[in-house]
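Me: I should like to go through this structure by question and answer. Please reason briefly each time and finish on the value or name requested.

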Amino acid sequence: MSTTLRFSDVRRRFGRLAVLNGVSGAVEPGGMLLVTGPNGSGKSTLLRCLSGLLAPDSGTIEYREDDGRLDVAERRRRVGVVAPDLAFYEELTVRENVEFFARLRRTSSQRGFAVLERLGLPLDRLAGALSSGMRQRLRWAWALLHSPRLLLLDEPFQNFDRAGEDGARMLLAEHLENGGLAVVASPSPLDFDHVSEHLELGV
Amino acid sequence: MKTFLAWLLWLWMCLVIVGAFFYAPVVLQGFRTPGSSRIVFFHVPMAWSSFIGFIAAAVWSILYLVRRNPRHDRAAAVAIKIGLLFGILATVTGAMWARIEWGAWWNWDPRQTSILAVILFYGAYLALRQSVEEPEKRARLAAAYALLGLVVTPFLFWVVPRITFSLHPDPVVNRSGKVDMDAANTQVLFGSGFGFAALFFWVQNLQCRLEALAERRAALKE
Amino acid sequence: MSRNTSSWASEAAAVFAKEWRCEFRTRYALNTLALFAFTTLVVVSFSLGPMGVARSQGTAVLPVLLWIILLFSVAAGLPRAFVQEEETHTATALRLAATPSALFCGKLLYGLTLVLALEALVTPAYLIMTSLEVTSPWLLAGVLAAGGYGLAAGSTLVAAMIAQARSKGALFSVLSFPVLLPLLVLTVELTRGAASGDPAGVSLPVLLLYDASVTVAGLMLFPVVWNP
């Protein structure tokens with residue numbers, strides 16, 4: 001299972017503000033790229049470019065699965081994303097949200113429910129009635145729903161209590177041990193065992 | 001070279017004006033005030049140039065979506081703006097002609113309605129551009145709308161002839177002259193058409209360069 | 001690891017089902033559409049007066065008013081399908097998970113069912129309140145179906161465009177009107193024909209061609225509009 005992510009000289013500006021100024025990096029199977037930097041240094045922007053939600057002004061992003069290069073549209077659907085601005089349907093229950101996205105991703109909801117059981121989240125509560133920590137658990141379940149090989153995590157432990165954070169760390173460790181890739185953005189370097197590369201933005 | 005071409009265009013248009021007033025015979029059947037028929041040499045090519053703007057914008061929009069080069073997006077927007085200008089001119093000259101011929105500025109005949117619908121579309125396109133700040137998103141959405149417009153507007157040419165009420169049983173005003181025109185009139189008309197088309201692309205080119213410079217200046221100011 | 005337990009059609013169906021499930025729990029679009037339609041209906045009927053419109057002028061004027069009511073009701077209630085996704089930020093999850101064409105079809109079908117429900121509610125009420133006699137009810141039904149589809153298709157695509165812009169409400173009307181104008185002229189003429197008993201002529205095939213064109217344009221342009 002050879003999955004790789006490579007990006008070079010990625011640039012992105014918003015109006016006059018150059019947020020990303022030629023950023024490069026690479027991740028190999030089982031590897032984790034940790035992206036740090038102060039607020040506004042472009043961490044979220046980089047992750048959004050990597051996930052395909054944002055088009056960079058210039059530079060290349062290459063994502064390969066099993067030696068086949070995926071274009072942006074395919075990459076978008078293949079990655080697993082946790083981000084603070086990820087929201088779900090408030091009028092639907094947790095279960096209904098998971099089932100809906102499972103049908104969209106053409107997969108079963110088993111994995112999603114399994115993750116939710118590990119992290120602890122009642123399935124029949126309305127998504128609108130969740131606390132912020134519980135929303136974060138739902139985000140993790142959503143990200144892992146289709147068993148992606150690449151995880152793009154923007155502030156992945158935000159709002160988590162101790163139990164939630166421990167559970168999520170274990171999920172991330174398992175993902176990497178199974179040969180998955182991860183890019184994690186965090187304002188401060190967290191203690192991680194598996195960091196293979198460290199990218200500091202805003203310096 | 002560009003200056004030479006510009007002077008050539010100027011000369012051509014002078015010839016067109018002279019031809020329209022002195023060379024082309026006045027005889028156009030079916031008109032109550034034959035002298036006013038000379039307006040056809042200007043009014044019709046203006047309308048043609050307006051449609052050229054539509055098609056040019058669509059072509060540049062496709063180019064933008066394929067290549068994502070901002071220059072194509074700018075070209076498309078400029079084409080629409082100039083097409084709008086020509087469209088307004090065509091509408092106004094058409095209304096003037098209608099007033100002289102039929103006594104009414106506006107009578108909803110198919111051509112008047114069509115050009116009005118095209119103008120509305122141009123206005124909507126420009127409104128859309130105004131409402132999106134991020135350049136990449138603006139270009140993308142505008143290009144999509146331009147192409148949607150190109151798909152939908154031809155239906156007007158099928159649809160509009162059907163809405164002529166029985167108020168004006170006479171044949172359509174604007175399309176006259178095509179069948180009954182003799183050689184001299186045809187020459188002047190198509191000569192003028194060519195001239196106005198060249199005028200469109202010349203102004204388009206100028207405006208594109210102007211906007212590019214304005215953008216560079218704004219970027220340097222930061 | 002991820003099995004293909006569903007297909008493209010299943011994706012579109014999932015979007016459709018989700019839209020209606022959310023709609024039933026909030027009833028926002030249905031309420032907006034119904035309220036707007038009935039208010040306009042009452043105003044029209046009231047303005048025409050107790051004697052209504054003279055028979056001879058009825059077929060000229062009344063079909064137009066019906067379609068104006070439908071057009072503005074749709075403009076009031078339909079764009080929300082996309083605007084709300086952007087405003088509640090659920091669009092991010094959708095962009096990452098859904099196939100654009102399936103998403104578009106799901107939303108389009110939802111819009112279509114909304115429009116058909118609106119027509120089913122408004123048209124009988126309108127016919128009664130204005131005493132408009134319809135000689136060919138089947139033709140009217142056909143026009144409502146085909147015209148309703150065109151309204152839904154055009155509106156869904158334009159809604160997707162304006163959802164990412166500012167001043168969405170006003171912009172939707174400005175953008176959708178030139179696109180829907182040919183449709184409206186066709187449907188008004190056909191409705192007039194249905195009322196007076198004239199044959200449809202070439203208008204009905206042209207209407208269906210419009211529907212097909214907008215659908216194809218939507219399927220091709222939506223991915224461009226939706227994703228960067």
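The exchange below concerns a predicted model, taken chain by chain and then by interface.

Me: Which domains make up chain A, and what distance separates their centres?
Reply: In this predicted model, chain A is divided into domain 1, covering 1-79 + 149-161 + 176-203, and domain 2, covering 87-147. Taken over C-alpha atoms, the centres of domain 1 of chain A and domain 2 of chain A are separated by 23 Å.

Me: What radius of gyration does chain A have, and what would a compact globule have?
Reply: Chain A holds six helices and nine strands, and its C-alpha atoms fill a box of roughly 45 × 35 × 35 Å along the principal axes. A compact globule of 203 residues would have a radius of gyration near 17 Å, and the value for chain A agrees with this, being 16 Å.

Me: How many residues of each domain of chain A are in contact, and which three residues of domain 1 supply the most buried area?
Reply: The contact joins 13 residues of domain 1 of chain A to eleven residues of domain 2 of chain A. About 1000 Å² is buried between domain 1 of chain A and domain 2 of chain A, with carbon and sulfur atoms giving 48% of that area. On the side of domain 1 of chain A, 47% of the area buried against domain 2 of chain A is supplied by three residues, more than by any other three: Arg77(A), Asn159(A) and Phe160(A).

Me: Which residues form the salt bridge between the two domains of chain A?
Reply: Between domain 1 of chain A and domain 2 of chain A the count is one salt bridge, alongside eight residue pairs in polar contact. Helix H2 (72-78) and strand S7 (150-154) of chain A each supply at least two residues of the side of domain 1 of chain A that touches domain 2 of chain A. That side divides into six nonpolar, two polar and five charged residues. In the salt bridge the closest N and O atoms are 2.9 Å apart, and the partners are Arg137(A) and Asp161(A).

Me: What does the secondary structure of chain C comprise, and what is its radius of gyration?
Reply: Chain C comes to nine helices and zero strands, which read along the sequence as α-α-α-α-α-α-α-α-α. Along its principal axes the C-alpha trace of chain C spans about 70 × 35 × 30 Å. For 228 residues a compact globule would have a radius of gyration near 17 Å; chain C agrees with this, at 19 Å.

Me: What area is buried between chain A and chain C, and which residues of chain A lose the most area to chain C?
Reply: The contact takes 29 residues from chain A and 33 residues from chain C. The area buried between chain A and chain C is about 2900 Å², 60% of it from carbon and sulfur atoms. In chain A, three residues together account for 25% of what that side buries and lose the most area to chain C: Glu91(A), Arg103(A) and Arg106(A).

Me: Which residue of chain C forms a salt bridge with Glu96(A)?
Reply: Across the interface of chain A and chain C there are four salt bridges. In one of them, Glu96(A) has its closest N and O atom pair 2.7 Å apart, and the partner is Arg25(C).

Me: Which element gives the largest share of the side of chain A that touches chain C?
Reply: The count between chain A and chain C is nine residue pairs in polar contact. H2 and helix H3 (94-104) of chain A each supply at least two residues of the side that touches chain C. By class, this side of chain A has 14 nonpolar, seven polar and eight charged residues. The largest share, five residues, comes from H3(A).

Conventions. Residues are numbered from 1 along each chain as its sequence is written. Chains are lettered from A and ligands numbered from 1 in the order in which they are written. This is a predicted model: local features need pLDDT of at least 70, side-chain atom pairs count only at pLDDT 80 or more; totals for chains, interfaces and linings use all residues. Side-chain values use heavy atoms; hydrogens and water are left out. Domain bounds come from an automatic or database domain assignment. Contact means heavy atoms within 4.5 Å. Buried area is the accessible area (1.4 Å probe) that two parts lose on being put together, summed over both. A salt bridge is a side-chain nitrogen of Lys or Arg within 4 Å of a carboxyl oxygen of Asp or Glu. A polar contact is a pair of N or O atoms within 3.5 Å; within protein, one must be able to donate a hydrogen and the other to accept it, and residues adjacent in sequence count only if both atoms are side-chain atoms. Helices (H or I, at least four residues) and strands (E, at least two) are DSSP runs, numbered from the N terminus. Ala, Val, Leu, Ile, Met, Phe, Trp, Tyr, Cys and Pro count as nonpolar, Asp, Glu, Lys and Arg as charged, and the others, Gly among them, as polar. The radius of gyration is taken over C-alpha atoms; the globule rule is 2.2 Å times the number of residues to the power 0.38.
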